Amino acid sequence: MIGGFGFIFTIVFLFIAGSIILNIVKGVKQYAENIEAPLLSMNAKVVGKRDETRRRNHNVNGTMTSSTSTSYYVTFQSVEGMRIELELKGKEYGLLVEGDEGILSYQGTWYKGFERGVYEETVKQDEEQGQDQEKAAEEPAEPEVVTPTATAENEIEKDSSPLEEVMGLDDVMENTSRWQEESDREVPH
């Protein structure tokens, strides 16, 4: 009977120790990723808040005691629709209200701050820039015309390829630019 107890105790001990080591490794890995991550800022809106309370019971010298810890989470949504949930300290959590708009700063999974009131100004600027870019995209760009110099034409005529002899120099240049535009539009797979 003692041998069976020792085996079960060893299995339980290894399971608990393995869980602790795994959590430590995950924590160190997440910390390293956050340190390497760039500090990012984006226009965002607070779209959700939640808290998670954990209660733990402890037996200290035959006396039962309990402790609680609360983690606070806020979900932000960018103008583009991307959502990110970050853990905050209680005081920062309490200062935010669903619907708040502003600039969110974060690094990896670390919350760095939220500045209210600048959201609308920067969104308007972003929208104006987007409209300017759309207008530029709608206006057809004038094709760049490249005309060879007189000496270059003479050299081309002297060293003309069989393709140039059949098509003519102007046709070759036109087809070359068309082929270049088509190859620029191709997307690699």
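A salt bridge is a side-chain nitrogen of Lys or Arg within 4 Å of a carboxyl oxygen of Asp or Glu. I begin my notebook with that rule, and I keep in mind that this is a predicted model.

**Entry 1: salt bridges**

I looked up the salt bridges and found four by this rule. Side chains of opposite charge can pair when their charged atoms come close. Which residues are linked in a network of salt bridges? I noted Arg50, Glu52, Arg54 and Glu85.

I then went through some of the contacts. Arg50 meets Glu52 at 3.5 Å, N to O. Glu52 also meets Arg54, here at 2.7 Å, N to O.

How accessible are these residues? Arg50 has a relative accessible area of 34%, so I call Arg50 partly exposed. Glu52 is partly exposed too, with a value of 28%, and Arg54 is partly exposed at 34%.

My next pair was Asp100 and Arg116, whose side chains form a salt bridge of 2.9 Å, N to O. This pair links distant parts of the chain, 16 residues apart. Asp100 sits in the loop between helix H2 (90-95) and strand S4 (101-107), while Arg116 belongs to strand S5. Is Asp100 buried or exposed? Asp100 has 14% relative accessibility, and buried means under 20%, so Asp100 counts as buried. Arg116 is partly exposed, with a relative accessible area of 41%.

**Entry 2: charges over rings**

I came back to Arg50, because its charged end also sits over a ring, that of Tyr73, 4.1 Å from the centre. I found a second case at Lys49, whose charged end lies over the ring of Tyr93, 4.2 Å from its centre.

**Entry 3: aromatic pairs**

How many aromatic pairs does the structure hold? I noted four. One of them joins Phe76 and Phe114, with 5.5 Å from centre to centre and 35° between the planes, which makes the pair tilted. Phe76 lies in strand S2 (residues 63-78) and Phe114 in strand S5 (residues 110-116), so their contact ties together parts that are 38 residues apart in sequence. I checked the burial of both: Phe76 is buried, and Phe114 is buried as well. Together with Tyr111, Phe76 and Phe114 form one aromatic cluster.

**Entry 4: strands and turns**

I followed the strands next. Strand S1 (residues 39-60) runs antiparallel to S2, and 16 bridges join them. As a marker for my own reading, I wrote down that Gly48 stands opposite Thr75 in S2. S1 and S2 form a hairpin with two residues between them, and in the turn Asn61 has a positive phi of about 50°.

S2 also pairs with strand S3 (residues 83-88), again in the antiparallel sense, over six bridges. Which residue in S3 is the bridge partner of Tyr72? I found Leu88 there. The hairpin of S2 and S3 has four residues between the strands, and Gly81 takes a positive phi near 100°.

**Entry 5: a nonpolar patch**

Last, I looked at the surface and found a nonpolar patch of about 930 Å². Its makers are Phe7, Ile8, Ile11, Val12, Phe15, Ile16, Ile20, Ile24 and Val28. I picked out Val28, which lies in helix H1 (residues 2-36). Why does Val28 count as exposed? Its relative accessibility is 54%, and exposed means over 50%, so Val28 falls in that class.

Methods: Residues are numbered from 1 along each chain as its sequence is written. This is a predicted model: local features need pLDDT of at least 70, side-chain atom pairs count only at pLDDT 80 or more; totals for chains, interfaces and linings use all residues. Side-chain values use heavy atoms; hydrogens and water are left out. Rings of Phe, Tyr and Trp (its six-membered ring) pair if their centres lie within 6.5 Å; planes under 30 degrees apart count as stacked, over 60 as edge-to-face and the rest as tilted. Buried means under 20% relative accessible area, exposed over 50%, partly exposed in between (1.4 Å probe, protein chains only). A charge sits over a ring if NZ of Lys or CZ of Arg is within 6 Å of the ring centre and within 35 degrees of the ring normal. Patches are made of residues with over 30% relative accessible area and no salt bridge: like charges are joined within 9 Å, nonpolar side chains (Val, Leu, Ile, Met, Phe, Trp, Tyr) within 5 Å. Accessible areas come from the Shrake-Rupley method with a 1.4 Å probe; for residues, only the protein chains shown count as cover. Two strands pair if DSSP finds at least two bridges between them.
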